[in-house]
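Student: Please take a close look at one part of this model, the packing between its helices, and then follow that part outward to the spaces enclosed by the fold. I would like one connected account.

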Amino acid sequence: MRFMETPDHAPEPDPRATSAEVEHDAETATAPAAPTGIAAQDWATASADPQYRAAVVDLLGALAYGELAAFERLADDAKLAPTLGDKAELAKMASAEFHHFERLRDRLTAVDEDPTAAMEPFARALDDFHHQTAPSDWLEGLVKAYVGDSIASDFYREVAVHLDSDTRALVLAVLDDTGHGNFAVEKVRAAIEADPRIAGRLALWARRLMGEALSQAQRVVAERDALSTMLVGGVADGFDLAEVGKMFSRITKAHTKRMAALDLAS
């Protein structure tokens, strides 16, 4: 999918950038000059449009199931942790993911939507993704959480720019880094320094994750009319097909920077 490649004129990533710096770049790259249209409205006003409301319910449902799945995955990854300290760190991150899920569940309930019904359309696609990308060891699990979750977060941040102010604030809040990014970078860098041979294997793994994550995101959007309409401009102001291509270029660029942060080739 060549339209997702990093533009030739893009600046080279800083190979020693921290996870926080990479996330900052991703967020500032999508920050709008000033809210317009729906982005300047609150939920009470924007949700009067039934198509917009349906798109937001889909978005919150996808996010909620993603957070629930992240909680389950981190809890499983904790079993692979080589030390008790690592196990405790992952348990803490899993707890943060579950709190994010609770906020999304409570928001759906507050707008008179059934959280389970909102999540259900996305469960199979996300479950398939996690089944197809099950890590074989501790390091692959760290790379998966760092790379896969970050791609999803970049996508949702792009969409959030065009949401009503109330929904946008919630989405950005639940995308806050749980600390996994810097934790993964530290552990993977240390492992590569101790044994440089593993860098090639992890780089291949990360490239596979990138392809699977983007394919999964496209599948989810394609199967949900409200979400696809939002992306191409029928609901949320400012998106069109050309902008979608630029969006995926920005996501790919951020992925390249994260790979450099891990000391892996993109």
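Tutor: In the contact between helices H4 and H8, Asp-86, Glu-89, Leu-90 and Met-93 are the residues on the H4 side, and they meet His-180, Phe-183 and Lys-187 of H8. Sorted by class, this contact of H4 with H8 holds three nonpolar residues, one polar residue and three charged residues. The model is a predicted one, and the values that follow are to be read in that light. The axes of H4 and H8 lie 11 Å apart and make an angle of about 155 degrees; the two helices are therefore roughly antiparallel to each other. In passing H8, helix H4 makes a left-handed crossing.

A second pair to set beside this one is H6 with H7. Helix H6, residues 138–160, packs with helix H7, residues 165–174, at an angle of about 165 degrees and with 10 Å between the axes, which makes H6 roughly antiparallel to H7. The crossing of H6 past H7 is left-handed. On the H6 side the contact is formed by Tyr-156, Arg-157 and Ala-160, which meet Arg-168, Val-171 and Leu-172 of H7. By class, the contact of H6 with H7 divides into four nonpolar residues, no polar residues and two charged residues.

The third pair is H5 with H9, whose axes are 10 Å apart and stand at an angle of about 170 degrees, so that H5 and H9 are roughly antiparallel to each other. From H5, the contact takes in Phe-122, Arg-124, Ala-125, Leu-126, Asp-128, Phe-129 and Gln-132, and from H9 it takes in Arg-208, Leu-209, Glu-212, Ala-213, Gln-216, Arg-219 and Val-220. The residues of this contact of H5 with H9 comprise seven nonpolar, two polar and five charged.

The H5 and H9 pair leads on to the cavity. A search of the whole structure finds one cavity of 30 Å³ or more, and the volume of the largest cavity is about 30 Å³. Its lining is made up of Pro-121, Phe-122, Ala-125, Val-220, Glu-223 and Arg-224. Among these lining residues, Phe-122, Ala-125 and Val-220 also take part in the contact between H5 and H9. Helix H5, residues 115–132, and helix H9, residues 198–223, each supply at least two residues of the cavity lining, with the largest share, three residues, coming from H5. Four of the lining residues are nonpolar, none is polar and two are charged.

The largest pocket brings the helices of all three pairs back into view, apart from H7, which is not among those named for its lining. This pocket holds about 740 Å³ of space and is lined by 44 residues, with Gly-148, Asp-149, Ser-150, Ala-152 and Ser-153 lying nearest its centre. The helices that each supply at least two residues of its lining are H1 (19–29), H3 (50–77), H4 (84–110), H5, H6, H8 (180–194), H9 and H11 (241–261). Helix H6 gives the most to the pocket lining, with eleven residues. By class, the lining of the largest pocket divides into 24 nonpolar, eleven polar and nine charged residues.

Definitions and conventions: Residues numbered from 1 in each chain as written. Predicted model: local features only at pLDDT ≥ 70, side-chain atom pairs only at ≥ 80, totals over all residues. Heavy atoms only, no water. 1 Å grid on protein atoms, 1.4 Å probe; cavity = no way out; pocket = protein on both sides within 12 Å on 5 of 7 lines; lining within 4 Å. Points joined across faces, edges and corners; volume = space filled by probe spheres on them. Helix = DSSP H or I, 4+ residues; strand = E, 2+ residues; numbered from the N terminus. Nonpolar A, V, L, I, M, F, W, Y, C, P; charged D, E, K, R; others polar. Axes fitted to C-alpha atoms, helices over the stretch in contact; angles between N-to-C directions. Parallel < 35°, antiparallel > 145°, perpendicular 65-115°, else oblique. Left-handed = near helix turned anticlockwise from the far one by under 90°. Contact = heavy atoms within 4.5 Å.
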